[in-house]
Every structure is written in C-alpha cells, then in structure tokens.
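I opened this notebook to keep track of what I looked up and in which order. The entries follow the questions as they came to me.

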Amino acid sequence: MAISKFTLLSILFLYTLNVHANNKQNSEPLHVIYPKPERENEQDNWYPLVLLKLALEHSEQPHTLQSSVKMVQSRSLKELEQGELINVGWSMTSKERERIFTPIRIPIYKGLYGWRLLFTTKDKLPLFKDIKDEFHFHNIDFIQGHDWPDTDILRDNGLQVSTSTSYAALFNMLIRNRGDAFPRSILEIEWEKKQLSVKENIVTVPNIALSYPAAIYYFVNSKRPDIHQAIKIGLERMQQNGEFDRLFNQYFATSIANAKLHEKIIIKLDNKHLSKLTPLNDSELWFTPKNL
C-alpha cells in the first residue's frame, strides 16, 4: 500500500520530535543525592563516596552529586524509599531491601563486612580459648544492633544475641557484662580500637574470626532507573580497567593485613537473607583469604 506524501511528512515530523526529546533528556544531568556522613571530616576521603564519584565519572553521564542532611541508617533507608531527600545510598543487602530499592549487585566492599573479629573483655578471653566451630559458640552471648541484618544472621545460625538501639550502648553492654562478644568487621575494628583507648578492658579475641557472605550495595530509589544505570555502568567500567581494585587496595589492604586472618580459626556461618540473584559465584567480586 502506497504511503501518501502527507503521511510520510507526518512520520518524519514525529520522528524528529522524538529524537529531539531524547537528546534533550540525555543532555540533562542526573541529580544524585546521598545521605551526609555522620563524620563530616571524612567526607572528602570516604570510600563509598569516593567510589560513587568515580563510578559516575566513568559512566560519562552528565551529573551533579550532593549530600543531603545527616541521618542514621534507619532514617536514610526510609528517605531513600521516598526518593526526595536522597535517591541513592549504600547498605548491607537483604531480600527485603532488594524488594524496596533497586540494588546494584556489585559488593562495594567485596564482602569484607562479613569478615568479623570479636571484641570482648579481658576477663572473658578464656571463654574463647578452645572454640573450634560454631557449635562451641552456643554458650556465648553476642551483642548487636537491634535492626542490623547481622543480628538475624547470627540468630539463624543458632547463636544467642542481645541487642540495643544505640551504637554506643553496645560497648557499654560489653563492659557491664551484658554480653560476651561484639563482632565487628575487620574494616571497623581498627578505628574502633582507637576510640576505645580509654576502655582498656575491651580487647580483641586473638584466635577466632567469623565469616559469612554479606554484601554492601549501592541502592537507588526504585523510580530512578537512570541513576541506577549510570552507577552500574561506571562500576563495571572500573572493574574492567582495574580502577576498582586499585581503590579497594588503597583503602583496605592495611586493615586486611592487620586482621591476621591466616593466624585465626575462621568459623563460617550461613546467610539465608541473601537474594538468589546475589553474584556469589563471581569470585572477582569477593575477598577471600586466598587474596592475601
């Protein structure tokens, strides 16, 4: 069937309008907003923020990047769901969080938040001397935040956990004998040791480390696939050109070495809260002691 000259001109006109609209949309910068860090003095060299900046740069997508107000994690997750004060954040993943937000399934810390050393008090060190596996932990009372994903992971593995809503209170619980061990990531424990210098009774269990699969992802508001795509593309390009590993090692090689995992009994726990889409089989994305 022949197309009339009028119809052809109409099609060309609509096509031109569509191309113009797409070009205009692609030229508009993405406005990426993240929660302001609790410790503002660390903002310029804060690893997840530095990585986010580089990922957006590698995406080659025009963008702005700015912080919102200070907020604790529980509030930041609520605000991320609304998508007004912030539209991107980072947190340990769970099936529930992946249902609410759009995850970028690249663990930005390579799973290091699932590698844990134990704070305890000097008088309780004998409790850990002969522990060889998780079954010997059943008489140990662990301390965790009440809404932390780690709390459910420990309990799912049959371990006893006492909780508090306050981060500072968790250390006080340990000192006041309201718990036996406070597991901390090998990325957290060095900084916390320095803060605890006046609390000389708190020490690190020298012979044990916990390990369970745990991923901290960038999460994006579900209505912003454009931001999700830009960050994902940028991270993938950084992995391909080696920039991701370079930055990771720059920040964490010392902490990994100081953990002395090769000297410890590593007790592995299950994490049933991970989505089936978690890329556990992609060894390039995860730290293991073989990387040492």
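The entries below go from confidence to strand, core, rings and backbone.

**Confidence.** I noted at the outset that this is a predicted model, and I therefore looked up pLDDT before anything else, since low-scoring coordinates should not be read in detail. The protein chain averages a pLDDT of 88, and 87% of the residues score at least 70. I marked residues 19-25 separately, where pLDDT stays under 50 and where the model has zero contacts beyond four places in sequence.

**Strand E5.** Which strands pair with E5, and in what sense? I found that E5 is joined to E8 by four bridges, the two strands running antiparallel, and that Leu118 stands opposite Pro183 of E8. With strand E9 (residues 202-204) I found three bridges, again antiparallel, and there Phe119 stands opposite Thr204. With strand E10 (residues 208-211) E5 pairs over two bridges, also in the antiparallel sense, and Arg116 has Leu210 as its bridge partner.

I then looked up the exposure of E5 and found seven of its seven residues buried. Trp115, Leu117, Phe119 and Thr121 lie on one side and Arg116, Leu118 and Thr120 on the other, so that both faces of the strand are covered.

**Nonpolar core.** Which residues touch the most other members of the largest nonpolar core? That core holds 81 residues, and I found Phe137, Phe142 and Ile231 in this role; its largest share, eight residues, comes from H2. I followed Phe137 further and, leaving aside neighbours within four places in sequence, listed its contacts as Leu118, Phe128, Ile131, Phe142, Leu159, Ile208, Leu210 and Ile267. Leu118 from the strand entry is thus among the contacts of Phe137, and so is Leu210, the bridge partner of Arg116.

**Aromatic rings.** My count came to 18 aromatic pairs. I looked at Tyr47 and Tyr109, whose ring centres are 5.1 Å apart with 50° between the planes, a tilted pair. Tyr47 lies in helix H2 (residues 47-59) and Tyr109 in the loop between strand E4 (102-104) and strand E5 (115-121), so this pair ties together parts that are 62 residues apart in sequence. Both Tyr47 and Tyr109 are buried.

Why does the pair of Trp148 and Phe182 count as stacked? Its planes are at 20°, with the ring centres 6.3 Å apart, and planes under 30 degrees apart count as stacked. Trp148 is in the loop between strand E6 (141-145) and helix H5 (149-156), while Phe182 is in strand E8 (residues 182-185), so the pair ties together parts 34 residues apart in sequence. Phe182 is buried at a relative accessible area of 0%, and Trp148, at 19%, also counts as buried because the cut-off is under 20%.

I also noted one aromatic cluster formed by Tyr47, Tyr109, Tyr113, Phe248, Tyr251 and Phe252. Lys110 lies over the face of Phe248, at 5.0 Å from the ring centre.

**Backbone.** Most residues other than glycine have a negative phi, so I recorded two that do not follow this. Asn177 has a phi near 65°; Asn177 is in the loop between helix H6 (167-175) and E8, and is exposed at 53% relative accessibility. Lys260 has a positive phi of about 50°, lies in the loop between helix H9 (243-259) and strand E12 (265-268), and counts as partly exposed at 40% relative accessibility.

Methods:
Residues are numbered from 1 along each chain as its sequence is written. This is a predicted model: local features need pLDDT of at least 70, side-chain atom pairs count only at pLDDT 80 or more; totals for chains, interfaces and linings use all residues. Side-chain values use heavy atoms; hydrogens and water are left out. Rings of Phe, Tyr and Trp (its six-membered ring) pair if their centres lie within 6.5 Å; planes under 30 degrees apart count as stacked, over 60 as edge-to-face and the rest as tilted. Buried means under 20% relative accessible area, exposed over 50%, partly exposed in between (1.4 Å probe, protein chains only). A charge sits over a ring if NZ of Lys or CZ of Arg is within 6 Å of the ring centre and within 35 degrees of the ring normal. A nonpolar core is a set of buried Ala, Val, Leu, Ile, Met, Phe, Trp, Tyr and Cys residues joined through side-chain atoms within 4.5 Å. Contact means heavy atoms within 4.5 Å. pLDDT is the predictor's confidence in each residue, from 0 to 100. Two strands pair if DSSP finds at least two bridges between them.
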